[in-house]
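Thanks, everyone. I will go through one model this morning, starting with its ring pairs and then moving to its nonpolar cores.

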Amino acid sequence: MRYTQGGGLTDAERAAQERIRLQAVERFEGAETNREIAAALRVSERSVERWRRAWRERGEAGILSKGSPGRLRLSFVQIARLERELGRGPLVHGWADQRWTLARVKTLIGRLFHVSYTVEGTWRLLKRHDWSWQQPTRRAIEHDDGAVDLWKKEVWPRVRAVRRHVTAGSSSRMRPASR
């Protein structure tokens with residue numbers, strides 16, 4: 001079975017597939033061939049071969065579902081601790097300024113919980129818990145609204161590229177006069 005982009009199986013779908021594998025085990029014990037089992041359960045022979053090998057090597061535990069691959073890496077207690085640590089600020093954790101970046105949060109998670117996340121995984125974790133990006137509350141000292149308005153009104157119109165008018169052209173490499 002092919003999975004859709006970015007998705008796997010729901011818990012119900014995983015349980016349904018596990019029931020099919022358990023039916024296959026009953027048929028293994030009944031000495032049916034892979035072809036007969038595949039036809040009866042409407043799966044590929046290759047899947048039945050894989051299941052039979054896992055069953056032979058590890059018993060029934062070999063064909064049971066391993067659970068969701070996207071299970072949570074951090075517990076609710078750890079998430080609460082992470083939130084407290086983020087609230088303390090980056091300076092407390094050794095960074096030179098007061099900006100939390102995804103890379104810094106990822107590093108903090110690794111230091112606190114010995115769990116590795118990707119930067120994208122860190123973003124998803126933060127988003128899942130309704131944390132969002134923040135803008136600074138203060139403006140730069142050098143910011144001058146009057147100078148910005150003046151530049152927009154006087155300088156920008158002069159430096160902005162004037163659009164060329166679209167004219168009919170030719171896709172030929174030759175000059176129109178040489179035809």
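Let me start at tryptophan 100, which is partly exposed, with a relative accessibility of 27%. Keep in mind that this is a predicted model.

Which ring does tryptophan 100 pair with? Its partner is tryptophan 95, and the two ring centres are 5.6 Å apart. The planes stand at 70°, and because the cut-off for edge-to-face is over 60 degrees, the pair is edge-to-face. Tryptophan 95 has a relative accessibility of 16%, so it counts as buried.

Tryptophan 100 also turns up in the surroundings of histidine 93. Histidine 93 sits in the loop between H4 and H5. Is histidine 93 buried or exposed? Its relative accessible area is 15%, so histidine 93 is buried. If we set aside neighbours within four places in sequence, histidine 93 has contacts with Glu85, Arg88, Trp100, Leu108 and Arg111.

Back to the rings. The structure has 3 aromatic pairs. Another one of them joins phenylalanine 28 and tryptophan 55, with 5.2 Å from centre to centre and 40° between the planes, a tilted arrangement. This pair connects distant parts of the chain: phenylalanine 28 belongs to helix H1, residues 11-29, and tryptophan 55 to helix H3, residues 45-58, with the two positions 27 residues apart. Phenylalanine 28 is at 5% relative accessibility and therefore counts as buried. Tryptophan 55, at 22%, is partly exposed; the limit for buried is under 20%.

Now the cores. In soluble globular proteins, nonpolar side chains tend to be buried together. Here, the largest nonpolar core contains 13 residues. Which residues have the most contacts inside this core? They are Leu74, Leu82, Ile109, Phe113 and Leu125. Three helices each supply at least two residues: H4 (76-88), H5 (102-113) and H6 (119-128). Of these, H5 gives the most, with 5 residues.

Take leucine 125 as an example from that list. What does leucine 125 touch, leaving aside neighbours within four places in sequence? The contacts are Leu74, Ile79, Leu82, Ile109 and Tyr117. Leu74, Leu82 and Ile109 are thus names we have already met among the residues with the most contacts inside the core.

There is also a second core, separate from the one just described, with 10 residues. Its members include Ile37, Leu41, Val48 and Ala54.

That is what I have. I am happy to go back to any of the residues on the screen.

Technical notes
Residues numbered from 1 in each chain as written. Predicted model: local features only at pLDDT ≥ 70, side-chain atom pairs only at ≥ 80, totals over all residues. Heavy atoms only, no water. Phe/Tyr/Trp six-rings, centres within 6.5 Å; stacked < 30°, edge-to-face > 60°. Helix = DSSP H or I, 4+ residues; strand = E, 2+ residues; numbered from the N terminus. Buried < 20%, exposed > 50% of the residue type's maximum accessible area, 1.4 Å probe, protein only. Core = buried A, V, L, I, M, F, W, Y, C linked by side-chain atoms within 4.5 Å. Contact = heavy atoms within 4.5 Å.
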